[in-house]
Amino acid sequence: MAYVIVILTAGLGGFALVESSSSYMIDAQRENVLSSNAYAGQMFVALWERDRGGTQHPKELQDQIAGISDTGGTERPSICLLEETAGYDESSFVNSLVTGQQGYAFLGKNGATKLQVVFRIDLSNSPYYIETLSDFTEAFARRDRLIALYRFAVLTIAVFSGVVLLIFSFFIAHPLNRLSHAVNRMTAGDYSKRIPTHKHGTGSAEIHQLSVGFNTMANAVEETISQLKEEVEKREMFVADFAHELKTPMTSIIGYADMLRSYDLNVEEHREAAHAIYQEGKRLEKLSMALLDMIVLNNEPVSLVPLSSGELAHNLRTSLRFLSEKYGVEIQLQMESALIRGEPVLLLSLLYNLADNACKASGAGDAVLLSGAVRHGCYLLSVTDHGHGISKEHLDKITEPFYREDKSRSRKLGGAGLGLALCRRIAHLHHTDLFFDSIPGQGTVVTFELETTEGVAGP
């Protein structure tokens with residue numbers, strides 16, 4: 001559309017300029033003829049007054065005028081009567097002329113165009129007409145040739161520029177069309193589409209930059225979609241695992257309860273059924289409390305306060321004594337003195353759960369080490385065991401809810417697969433993460449870092 005507007009504007013403007021120039025040349029030539037005719041009329045009057053006796057015929061004066069005015073050919077002035085003027089008829093402009101008045105008209109005949117200029121003079125009560133005929137055929141032909149040449153030039157330029165613009169537009173529009181196609185593909189759900197960003201074929205620098213930006217956006221969108229899909233899969237797996245975890249103890253509770261209701265049991269069988277119901281009930285309680293803890297940790301803010309590592313070690317010794325007796329494992333604490341930032345209850349729960357997992361992975365008589373030391377401005381805490389270890393393919397998944405490397409062993413030990421998920425959440429609340437280093441058959445080391453601080457330890 002813009003191209004058509006430019007061509008029309010340039011064409012019409014140029015045509016007006018050519019027409020104006022041609023008209024100016026024709027008007028200048030016409031003014032010369034008018035001036036020459038008027039001069040011839042004045043000379044006729046002067047010669048007539050000089051020859052008061054009227055001895056000379058107007059035709060003789062005509063020859064004198066032509067000689068004096070140095071005109072000849074078709075522009076030679078002639079002195080004639082009304083009927084003798086060229087192309088005379090009743091509608092001719094000559095009929096309307098009055099004495100001292102000049103008029104003109106263009107006459108066309110046999111493909112020729114002539115300018116007829118007539119000047120009326122009344123002498124001795126007789127009207128005389130000074131007529132000049134000038135050939136304008138070449139002037140009009142020159143104007144027509146100039147206009148035709150201009151039209152041809154405009155048409156040629158329009159076609160040539162149109163072809164060039166079409167080719168140029170193709171090279172400009174091709175990368176944009178490719179980008180539009182990629183956008184449509186992405187809109188349809190194909191997030192793998194990318195725009196080539198090599199030097200050739202991407203168009204201008206702006207389009208190249210736009211392509212790079214599109215690829216960056218596509219990468220971010222694809223990564224986000226992938227994360228959302230993974231999150232949805234995790235939630236679906238969480239729901240499935242949670243339903244499965246509920247199903248097993250509930251089945252046992254219902255089965256033993258039905259046994260107590262439907263059969264006459266002796267004291268020992270009655271005690272065993274009641275104990276089974278109690279154990280499965282405790283298992284459900286533990287599962288519900290763990291889920292509640294995860295919900296609370298996800299929704300409530302945590303305030304980190306200065307905390308003495310010595311106080312943390314003292315509380316750990318009290319809490320871990322039960323684990324040592326339960327699993328027959330020696331628990332060792334080596335805590336370097338420092339002031340750290342943390343939430344005392346959550347931090348104690350984190351270390352207790354890590355120690356509990358380490359004890360479960362260890363055999364009777366093995367040692368589990370909890371150590372803390374200042375490293376590079378941070379306080380590095382680690383839990384080390386020498387148990388069965390974790391294979392590499394399981395390391396990235398062990399902190400997912402309900403995930404268990406050895407399901408049968410975890411069930412036997414009463415685990416629901418939520419301990420490490422809670423530990424990781426607590427670590428995130430302390431602006432850190434859990435790092436696992438494990439060798440199957442040799443043991444596992446879990447580490448995380450805490451911020452150190454200066455000031456007075458919290459309560």
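**Reading a bent helix and its aromatic rings**

Me: Where does α3 bend, and by about how many degrees?

Reply: The bend at a residue is the angle between axes fitted to the seven residues ending there and the seven starting there, and α3 bends by about 35° at Ala173, with a proline, Pro175, following within four residues. This is a predicted model, in which local features need pLDDT of at least 70 and side-chain atom pairs count only at pLDDT 80 or more, while totals for chains, interfaces and linings use all residues. Residues are numbered from 1 along each chain as its sequence is written, and side-chain values use heavy atoms, with hydrogens and water left out.

Me: How should I read a pair of aromatic rings, and how many aromatic pairs are found in the whole structure?

Reply: A pair of aromatic rings is described by the distance of the centres and the angle of the planes. Rings of Phe, Tyr and Trp (its six-membered ring) pair if their centres lie within 6.5 Å, and planes under 30 degrees apart count as stacked, over 60 as edge-to-face and the rest as tilted. The search finds 4 aromatic pairs. In one of them, Phe106 and Phe140 have ring centres 5.4 Å apart and planes at 85°, so this pair is edge-to-face.

Me: Which elements hold Phe106 and Phe140?

Reply: Helices (H or I, at least four residues) and strands (E, at least two) are DSSP runs, numbered from the N terminus; Phe106 lies in strand β2 (residues 102-109) and Phe140 in helix α3 (residues 137-187), 34 residues apart. The rings of Phe136 and Phe140, with centres 6.4 Å apart and planes at 50°, form a tilted pair, and ring pairs link Phe106, Phe136 and Phe140 into a cluster.
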